[in-house]
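Trainee: I am new to this structure and would like a close look at a single part of it. Please take one helix and the aromatic rings, and explain each step.

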Amino acid sequence: MIDARQGTRKHLIWQAVEHAFETRWRGIRNEASYWSMLGQIAAFLEARCKCLDEVTTADVAAMVAHFTRQGNAPRTVKSKVGLLRMVFEAAAEADPPLASKAMPKRRVAVPKTLKWWLTPEDQLRLTSWLRARGRRNDEVMADYIDFACTTGLRVEEALRLTSPMFLGLGTDKPSLSVPGLKTSTSQRTLPLYPLAAELALRLVEQAGQRGRLFPVSYRALQRVWVECREHLGLADMSTCTLKALRRSFGRVATESGMPTEILRDYYRHASLKTTSEYLMLIGGYETERIRQWVPKGPTHSTPYGSSSSRSSPTEACA
């Protein structure tokens, strides 16, 4: 795959990009997409700088402007800036180092948009429809939807699940050792909701000791999801994705009373801000649902200056 340079591949920026790709993204599902974006980044910077240490804030700003002029959406531009930051990190860790400093800071504003989520009512409607069709991949998709909405796992994590990753199924303390690879905090043992544990127990029995719980490829799962979107009448809803099921778990967990900080640990996010963005969902809470969280009485001592705190003239003279 690494053949973009033909003749001048020893350019230091390309060396850093290739090293980052091999150590960060080689072998993942979207490696071709990452390599394409990394190639665009390297090609732009190579025309301005000889190595990463020469890259300035002005260069990063020029790169942002360049990709914006090309029609890249703000979120795509932000992703490319994030990839460059990771290239700098990987370059600093290389032996010998390919960079001696962090990437110059440059923020890219991304408009905040509300995201679609699968409500419990639509979840039941969708999984019932899938199971009624009776096709093998439909059954797997129905189980996957139920599992994702009660665990919040990433798609790749769920598709790697095998029986030995579950502990305590059938007891009052079921848990799962998540096979996460996306970040340093992705691998963690998490407690399972009762519904998730019940479903996991059935899937483990079906899979046997070494089989995968969801014996389907990502591509096959995505094909069925396209049909699911059409069934829900959401074919044109850009945020109606498989990833949205992870967001659906966050909504349900929050409504069940899980604090956002605990949800961050469950999601295995490094930043609470990331978790908060997962909760920016279409269909805000209704007035009466909000009302149940409004304090019913004082939350602190009576404020200075209120009628109850002021002494009467008689009391003052006593």
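Mentor: A residue counts as buried when its relative accessible area is under 20%, and as partly exposed from there up to the 50% limit, over which it is exposed. The model is predicted.

Take helix α6, residues 136-151. At 1.5 Å a residue, its 16 residues should span 22 Å, and the end C-alpha atoms lie 23 Å apart, which agrees. Of these 16 residues, 13 are buried, so α6 is largely enclosed by the rest of the structure. After the helix comes G152, with a positive phi near 75 degrees.

Now the aromatic rings. Ring centres must lie within 6.5 Å to make a pair, and by this rule there are twelve aromatic pairs. In one of them, W25 and Y34, the centres are 5.6 Å apart and the planes meet at 20 degrees, so the pair is stacked. W25 is buried, at 5% relative accessible area, whereas Y34 is partly exposed, at 24%.

Another pair brings us back to the helix. F147 and F166 are edge-to-face, with 6.3 Å from centre to centre and 75 degrees between the planes. This pair links distant parts of the chain, since F147 belongs to α6 and F166 to strand β1 (residues 166-167), 19 residues apart. F147 has 0% relative accessibility and therefore counts as buried; F166, at 8%, counts as buried too.

Elsewhere, Y193, F249, Y266, Y267 and Y278 form one aromatic cluster. Finally, the charged end of K80 sits over the ring of F67, 4.0 Å from the ring centre.

Methods:
Residues numbered from 1 in each chain as written. Predicted model: local features only at pLDDT ≥ 70, side-chain atom pairs only at ≥ 80, totals over all residues. Heavy atoms only, no water. Helix = DSSP H or I, 4+ residues; strand = E, 2+ residues; numbered from the N terminus. Expected span 1.5 Å × (residues − 1). Buried < 20%, exposed > 50% of the residue type's maximum accessible area, 1.4 Å probe, protein only. Phe/Tyr/Trp six-rings, centres within 6.5 Å; stacked < 30°, edge-to-face > 60°. Lys NZ or Arg CZ within 6 Å of the ring centre and 35° of its normal.
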